[in-house]
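Please examine the sequence and the model below before reading on. The account that follows is meant to be read alongside them.

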Amino acid sequence: MPVPVPHQRSVVLPHQAGPADDACADTARVADAPGAGDATARGTSALALADAQEPARPAPQGFPEADQPQPAEQRLSADRGPLHQGLTLLLIGEDPNSHVPEMWDWAGRKVRLRTARNLTEAERLLTDDVHCILLDLPPAERTADRDTGAPGDELGMLRDVLRMATSHAVLVLTYETDAERAADAVRVGAQDYLFRDELDGAVLSRAVRYAVERKRADLAQRQLTESRMLAQENARLERGLLPTPLLDGSDLRFAACYRPGRSRALLGGDFYDTVRTPDGTVHAMIGDVCGHGPDEAALGVELRIAWRALTFAGLCGDELLATLQKVLEHERADDEIFATLCTVDISADGRRAGLCLAGHPAPLLARAGERPDLLPYEFGGPALGLLPNARWPRRQVELGGSWSLMMYTDGLIEGRIGKGNQRLGQEGMTELVSRQMAAGLSGEELLDASVREVRDLNGGELTDDVAVLLLDRH
């Protein structure tokens, strides 16, 4: 038996709202059918008019169309989640008996309505289960100053609501004569506006559902934009923390390759630096904080900056490393965090160097006409942060007239070879670099080719941070 569509608009006050029966649900679906709202849609928002006229299309995710019948099992599944327990509308207006027509959601349930006469009541009723706010704007003449008659802030209440309900959809309800103010409300931040004189349940129900969906889309877009801006700021910060070598006046050539193990990061726990002091000595260092997270990256930056300051202050060798250990002990988040370090100070004539190792792999030296070979490691000391009152002896190394010195972190030598558990190791790295040098590579080309081959041997990206530093004299 067909259900007649009522011609007289229904008005439900909060104290009159009752449970929705099947006839009411069917009535709502008939009223929402194409053409049913033609006589009542005049004066509503442009969105509501366009939506009533355009062809049927799939509903937004989580909001199926109200005029589509729902199977019983689908209704049951919709009841299980907090987003599918029916819509709740909060009406804010001076008149507690504002005319709000009956509404049903997509499952035939009556939309819950809460009313607040002012912002104080609204703040108390604005709980997480409220999906949308319907703000009944007072006439423009009521916002004027009572003493002077000067116009007041006609949208002041809307701005207060938007500040209070940053994550809720907001619809503005006003008179058709206030069309300009309604449009201003959307520009201020409301999702849509509706005219009080031409309001019915079908239009309001659809406007509420689409306003909620638009608000979700706006919030998602805002979060995406904020994430992108934060990532850009972090990238600029990390890029600014990467070292700039200070080698003015030196005839040494410098090259470096740096690849953090963290995905989409610019800094890892590895760090390096190179400076030239006023006496002509070139100081270089490379280090590795255990781990490769953001905390380790921050600690590595602190150690690098401390090393540069101490070097310019005249410290060298054991004295410098002992001071760096104190910095590490005070700045680390955990007593078990340590750092390995390799420092080299090259004389002004470039023929000799002092070497200090703190639990770090020995550098690779290639003299003119000779095969690259590892510098001695026997006189190295422990990593920083492991032993109190440790000592780090400084070993003198003869470099010769023409040479290349490569310093690196263990990320370069701990990659696997093929699918087995065998590691590249220092011997494998030495052989690899020898082949690259024999092919005529030098500088950044040598470092990039070496790191690329290590990655290929590993069968993919290296999981640990990798830092390589190369100093040449020809």
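The paragraphs below proceed from the chain as a whole to its core, its helix packing, its aromatic pairs and several individual residues.

The coordinates belong to a predicted model. The chain contains 11 helices and 15 strands. Of its 474 residues, 46% are buried. If one takes the contacts between residues at least 6 apart in sequence, 67% of them join residues at least 24 apart.

The largest nonpolar core is a suitable place to begin, and it comprises 27 residues. Those with the most contacts inside this core are C342, V344, I346, L355, L399, W403 and M407. Two or more residues each are contributed by the helix α8 (294-312) and by the strands β8 (282-289), β9 (339-346), β10 (352-358), β14 (403-408) and β15 (466-473). M407 illustrates how such a residue is surrounded: once its neighbours within four places in sequence are set aside, M407 is in contact with A284, M285, I286, C342, V344, P363, A467, V468 and L469. Two of these partners, C342 and V344, are themselves listed among the residues with the most contacts inside the core.

Strand β9 also holds D345. With a relative accessible area of 10%, D345 falls under the 20% limit and is therefore buried. Beyond residues up to four places away in sequence, D345 touches T281, V282, H283, C316, R352, A353, G354 and R394. D345 also lies 9.9 Å from T311, C-alpha to C-alpha, although 34 residues separate the two in sequence.

T311 leads to the packing of α8 on helix α9 (residues 317-331), since T311 is one of the α8 residues that take part in that contact. The axes of the two helices come within 10 Å and cross at roughly 145°, and α8 passes α9 in a right-handed crossing. On the α8 side the contact is formed by L299, E302, L303, A306, W307, L310 and T311, which meet L320, T323, L324, V327, L328 and E331 of α9. By class, these residues divide into 9 nonpolar, 2 polar and 2 charged. The general geometry of a helix is useful when reading such a list: an α-helix has 3.6 residues a turn, so residues three or four places apart point the same way.

Helix α9 also includes Q325, which at 5% relative accessibility counts as buried. Apart from neighbours within four places in sequence, Q325 is in contact with A383, L384, G385, L386, L387, P388, N389, A390 and W392. One of these partners, N389, is located in the loop between β12 (373-374) and β13 (395-398). N389 has a positive phi of about 60° although it is not a glycine. Is N389 buried or exposed? At 76% relative accessibility, N389 is exposed, whereas its contact partner Q325 is buried.

Another part of the chain is organised around helix α5 (residues 156-164), whose buried residues are G156, L158, V161 and L162. These buried residues pack against the strands β1 (88-92), β3 (132-136) and β4 (169-174) and against the helices α4 (119-125) and α6 (179-188).

Aromatic rings form 2 pairs in the structure. In one, the ring centres of Y193 and F195 are 5.5 Å apart and the planes stand at 45°, so the pair is tilted. Y193 is buried at 17% relative accessibility, and F195 is buried with a relative accessible area of 5%. In the other, the ring centres of Y258 and Y272 are 6.1 Å apart and the planes are again at 45°, so this pair too is tilted. Y258 belongs to strand β6 (residues 253-259) and Y272 to strand β7 (residues 270-276), so the pair ties together parts that are 14 residues apart in sequence. Both Y258 and Y272 are buried.

The last residue to consider is L412, which is placed in the loop between β14 and α10 (425-438). Although it is a loop residue, L412 is buried, with a relative accessible area of 2%. Which residues does L412 touch, not counting those up to four places away in sequence? They are M406, L424, M429, V451, V454, V466 and V468. L412 and S450 are 38 residues apart in sequence, yet their C-alpha atoms are 9.0 Å apart in space.

Methods
Residues are numbered from 1 along each chain as its sequence is written. This is a predicted model: local features need pLDDT of at least 70, side-chain atom pairs count only at pLDDT 80 or more; totals for chains, interfaces and linings use all residues. Side-chain values use heavy atoms; hydrogens and water are left out. A nonpolar core is a set of buried Ala, Val, Leu, Ile, Met, Phe, Trp, Tyr and Cys residues joined through side-chain atoms within 4.5 Å. Buried means under 20% relative accessible area, exposed over 50%, partly exposed in between (1.4 Å probe, protein chains only). Helices (H or I, at least four residues) and strands (E, at least two) are DSSP runs, numbered from the N terminus. Contact means heavy atoms within 4.5 Å. Axes are lines fitted to C-alpha atoms, for helices over the stretch in contact, and angles run from 0 to 180 degrees between N-to-C directions. A crossing is left-handed if the near helix is turned anticlockwise from the far one by less than a right angle, and right-handed if clockwise. Ala, Val, Leu, Ile, Met, Phe, Trp, Tyr, Cys and Pro count as nonpolar, Asp, Glu, Lys and Arg as charged, and the others, Gly among them, as polar. Rings of Phe, Tyr and Trp (its six-membered ring) pair if their centres lie within 6.5 Å; planes under 30 degrees apart count as stacked, over 60 as edge-to-face and the rest as tilted.
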